[in-house]
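Please walk me through this structure, taking the metal sites, the interior and the charged pairs in turn.

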Amino acid sequence: MTQVTEGVYFIQGQDEMIPDSHVYVVGKPDSQDLSIIDAGLMGKGSYKIQSILNMGIELKAIARIIMTHTHLDHIGCLAEIREKIPWAELWVHDTEAGPLEKGDERTVYGMEMFQNMCMMQYSIKPGAFTFYVDRRLQGGESLDIGGMTWEVLHIPGHSPGSIGLYNRMEKILIPGDVVYADYAIGRFDLHGANGSELKNSLLQLAKLEVNILLPGHNRIVTELPAGYIAETAKQWAPYLT
Ligand SMILES: [Zn+2]
Ligand SMILES: [Zn+2]
């Protein structure tokens with residue numbers, strides 16, 4: 001785990017055949033009110049927890065886990081992480097919270113073929129990704145957590161309840177799988193995905209001033225060129241209908 005800036009820590013995903021999402025830990029170290037953003041792939045829970053401990057962060061300082069969205073590569077090890085921090089609340093966008101509580105796993109797996117393959121390979125039982133959600137995010141909230149302010153942006157398209165977290169003061173964006181480095185964007189062919197919504201979400205993000213881009217996979221960018229997200233949206237617009 002490395003520190004991106006004060007109050008923002010980065011744990012690189014350990015991809016296997018299936019990618020493992022990055023995890024970010026946000027909040028000022030002495031706030032005792034830290035948030036984990038996303039969990040990762042099945043089997044990666046102890047790696048993520050150990051990375052947090054290695055930074056000298058005490059688990060009792062972690063108050064919640066916020067999901068950018070509930071795809072398998074982000075939620076796979078949520079139960080493993082919660083075993084170590086059972087007091088941590090779970091915050092998810094409203095659109096994906098409902099299915100998550102009901103055990104409707106279509107968004108988690110994204111497509112049936114993938115679901116069958118994963119359940120076999122990882123011996124996952126049906127209903128394994130059923131969770132109570134402590135707070136349903138709507139988008140538009142301004143969260144005062146861990147001594148910092150993070151705005152919640154509802155940015156559907158990659159998944160129906162995708163959110164971004166934006167720190168206006170430091171110009172930091174955590175966009176989940178909506179936009180990556182190198183002009184890449186999240187896929188838009190899975191359950192609940194929608195190309196034209198993704199285009200609108202990219203255009204919404206393009207209005208923000210972003211210096212630090214912390215996506216769910218691949219490289220993080222600490223000196224993002226001005227207009228980067230607008231340019232990415234422009235390049236992809238013909239495909240996002
Ligand atoms: Zn995703
Ligand atoms: Zn992902």
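Buried means under 20% relative accessible area, exposed means over 50%, and partly exposed lies in between, with a 1.4 Å probe and protein chains only. This is a predicted model, in which local features need pLDDT of at least 70 and side-chain atom pairs count only at pLDDT 80 or more, while totals for chains, interfaces and linings use all residues. Residues are numbered from 1 along each chain as its sequence is written, chains are lettered from A and ligands numbered from 1 in the order in which they are written, and side-chain values use heavy atoms, with hydrogens and water left out.

The metal sites come first. Donors are N, O and S atoms within 2.8 Å of the metal (3.2 Å for Na, K and Ca); water is not among the atoms, so sites may look incomplete. Around the zinc ion (ligand 1) the donors are His69 (NE2), His71 (ND1), His158 (NE2) and Asp177 (OD), at 2.1 to 2.4 Å. Along the chain these donors follow the spacing H-x1-H-x86-H-x18-D. Four donors count as tetrahedral if all angles lie between 85 and 135 degrees; four count as square planar and six as octahedral if opposite donors are over 155 degrees apart and all others between 65 and 115; anything else is irregular. For comparison, ideal angles at a metal are 109.5 degrees for four tetrahedral donors. The four donor atoms around the zinc ion (ligand 1) subtend angles of 92 to 169 degrees, and the arrangement is therefore irregular. Helices (H or I, at least four residues) and strands (E, at least two) are DSSP runs, numbered from the N terminus. Two of the ligand 1 donors, His71 and His158, are both buried.

The zinc ion (ligand 2) has as protein donors Asp73 (OD), His74 (NE2), Asp177 (OD) and His217 (NE2), which lie 2.0 to 2.1 Å from the ion. What spacing do the donor residues of this zinc ion (ligand 2) show in sequence? The pattern is D-H-x102-D-x39-H. The angles between its four donor atoms run from 83 to 150 degrees, so the arrangement around the zinc ion (ligand 2) is irregular. The two zinc ions, ligand 2 and ligand 1, are 3.5 Å apart, with Asp177 coordinating both. Asp177 lies in the loop between strand E11 (172-174) and helix H7 (195-206), and His217 in the loop between strand E12 (212-213) and helix H8 (228-236), so this pair ties together parts 40 residues apart in sequence. Asp177 counts as buried because its relative accessibility is 3%, and His217 counts as buried because its relative accessibility is 7%.

Next is the interior. On a 1 Å grid over the protein atoms alone, a cavity is a set of points where a 1.4 Å probe fits but cannot get out, and lining residues have an atom within 4 Å of a point. Grid points are joined across faces, edges and corners, and a volume is the space filled by probe spheres set on the points. The structure holds one cavity of 30 Å³ or more. The largest cavity has a volume of about 40 Å³, and its lining consists of Thr70, Glu96, Pro99, Leu100, Asp104, Thr107 and Val108. Helix H4 (94-102) and helix H5 (106-109) are the elements that give two or more residues to this lining. H4 gives the most, with three residues.

The charged pairs remain. A salt bridge is a side-chain nitrogen of Lys or Arg within 4 Å of a carboxyl oxygen of Asp or Glu. A search of the whole structure finds 12 salt bridges. In one of them, Lys48 pairs with Asp20, the closest N and O atoms being 2.8 Å apart. Lys48 is in helix H1 (residues 45-54) and Asp20 in the loop between strand E2 (8-11) and strand E3 (23-26), 28 residues apart. Lys48 is buried at 1% relative accessibility, and Asp20 is buried with a relative accessible area of 1%. Glu58 forms a salt bridge with Lys60, with 3.0 Å between the closest N and O atoms. Glu58 is partly exposed at 46%, whereas Lys60 counts as exposed at 53%.

Note on methods:
1 Å grid on protein atoms, 1.4 Å probe; cavity = no way out; pocket = protein on both sides within 12 Å on 5 of 7 lines; lining within 4 Å.
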